[in-house]
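Q: Please take a close look at one part of this model. I would like the surroundings of the ligand.

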Amino acid sequence: MEERSQSQSVSDDDVTRIIIDAKEQAYRETGHEPEPELTKAVDWPITCTVGPGLEGAIACETKIGYVNGSKGWLIYRGYDVFDLCAHSSFEETSYLLLHGHLPAADELSRFRRILLHRLFIPEAQRLLLSFPVETLNPMSALRLGTNLMRQKQTYRDRDEDDDRADALATDEDSIAMETPPAGTRRPVYEFFASLFGKAAAETPTELLHSDELESCYNLIAGVNTIAATIGRARQRRLPIEPLDDLGLAGNYLYMLTGKRPTALEARIMDVCLILHADHGMNASTFAAMVVASTLSDIYLAIGAGISALSGPLHGGANVEVVKMLSEIGSPGKAASWFKSAQKEKRKIMGFGHRVYKAYDPRARVLGPLAELLSKGDPDTENTFATARALEHEVLSTLGEEKKVFPNVDFYSGIVYQSLGIPKDLYTTVFAVSRVSGWCARVIEYLENNRIFRPRALYTGTFDEQYVPISER
Ligand SMILES: CC(C)(COP(=O)(O)OP(=O)(O)OC[C@H]1O[C@@H](n2cnc3c(N)ncnc32)[C@H](O)[C@@H]1OP(=O)(O)O)[C@@H](O)C(=O)NCCC(=O)NCCS
């Protein structure tokens, strides 16, 4: 990650100011819009208008989050996401989503400690290193890693009398030792909390109310480590252990790049994780809930969320945005590029949303953060200027008429690029954050579980007569 003089002169307060300004602008521009949907509990069954792809269908009640599509506001457990970005952290936001209230200081510090311990992924994960992770699609690798985590958690991958010494010896065979170690601390990743010394051996249990919550903590920390590990494997580098004085956001950057992030980089990463943590009944959340509703376990449910997130119409859109901006090339070419895209009836990546018919609040924060981070690097400055020019074209053509505005993916790629995250990992970063929302919603749904089972309208034929294959 390059050091940039501009970034160094920017403080935490500047980031907070950007977020507060974004909130004020959002409330000024759309505060007058009517409330779009029901926000009260209902008596089931209910009547609602449903479109293809379940558009408009209400499948359950939730207290976790609310996407106000006409105003362009986003709420987690009653708190505006702008306020959480300005004042909270990803750990605190994850606690809020999972437990339903903001933690007291001691609860937060215990929660942080638990997550830090679980950044040290368990021994089954060592297998990940001997698989061809570096040639797998990153999202497939992440799903694979999540499955391996499940095996450890449910003890299905080993006998009761596990012998750590044997396990480590086997591990040395499976790690590609000829790879030059790139970690700053030690050449072999040990997969247990050696950094924490004696304290690491004590598993804090105060917050572990249930097996499900324990699994959620494993997943929130583990997906982070696995995602960073995949990034390193793709660069033919060995994983490195997390640092105990960094949070999840800072540790993700550290475990990926091998370089301690600046306070500003860690803060911006933290804001990105908060912004992506939950978003209503989107496709990946729904996929995770559908799998969980069969009483399959939460690791497989989160694996389903990861699978759904990987598509270009969902979590993969930010990668497409960066490719599109590089295809456009420069701000001066945005207008002509947009005209031909319109002629070809192409969807512009990073614009439009099924729910938001206003400027996406996450893009309101990520746009200025992308601008802030891009300063001082001519390539990224050009990418950002191209994005702004394209935004101008799209808004003046489709904004008012079709309510098409930038969505979360439009600027997130530029932010990730500036943080030193390779393009092919952007969707995995989305998963590092969304795992909190997936877990919270799955746990909430399971409290009153009913297996998901919508119907399809059969429009095929009837009364066909079976013809033997030799006569067809
Ligand atoms: C997200 C998305 C799938 C939502 O699709 P949707 O709910 O079907 O969109 P809408 O029904 O609101 O679209 C309304 C109109 O705006 C147009 N529109 C929507 N998104 C558009 C885009 N990105 N570029 C150009 N036109 C777009 C639609 O074609 C439609 O036009 P029509 O009325 O002439 O048919 C769609 O906007 C899209 O494909 N965006 C690009 C991919 C992306 O950025 N995904 C990340 C989402 S967070």
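A: What follows describes the shell around the ligand and then one residue in it.

This is a predicted model: local features need pLDDT of at least 70, side-chain atom pairs count only at pLDDT 80 or more, and totals for chains, interfaces and linings use all residues. Numbering starts from 1 along each chain as its sequence is written.

The ligand is surrounded by 16 residues. A residue counts as near if its C-beta atom, placed from the backbone, lies within 6 Å of the molecule. The closest are A317, I348, F351, G352 and R354. Eight residues of the shell are nonpolar, four are polar and four are charged. Here Ala, Val, Leu, Ile, Met, Phe, Trp, Tyr, Cys and Pro count as nonpolar, Asp, Glu, Lys and Arg as charged, and the others, Gly among them, as polar. Helix 18 (378–402) and helix 19 (408–418) supply at least two shell residues each. Helices are DSSP runs (H or I, at least four residues), numbered from the N terminus.

Now take I348. I348 sits in the loop between helix 16 (334–343) and helix 17 (361–374). I348 counts as buried because it has 22 C-beta neighbours inside 10 Å. The cut-off for buried is 20 or more other C-beta atoms within 10 Å of its own, with C-beta atoms placed from the backbone. Leaving out residues up to four places away in sequence, I348 touches A341 and V394. Contact requires C-beta atoms, placed from the backbone, within 7 Å. M324 is 24 residues from I348 along the chain, and their C-alpha atoms are separated by 8.6 Å.

Technical notes:
A residue is buried if 20 or more other C-beta atoms lie within 10 Å of its own, exposed if 12 or fewer, and partly exposed in between; C-beta atoms are placed from the backbone. Two residues are in contact if their C-beta atoms, placed from the backbone, lie within 7 Å.
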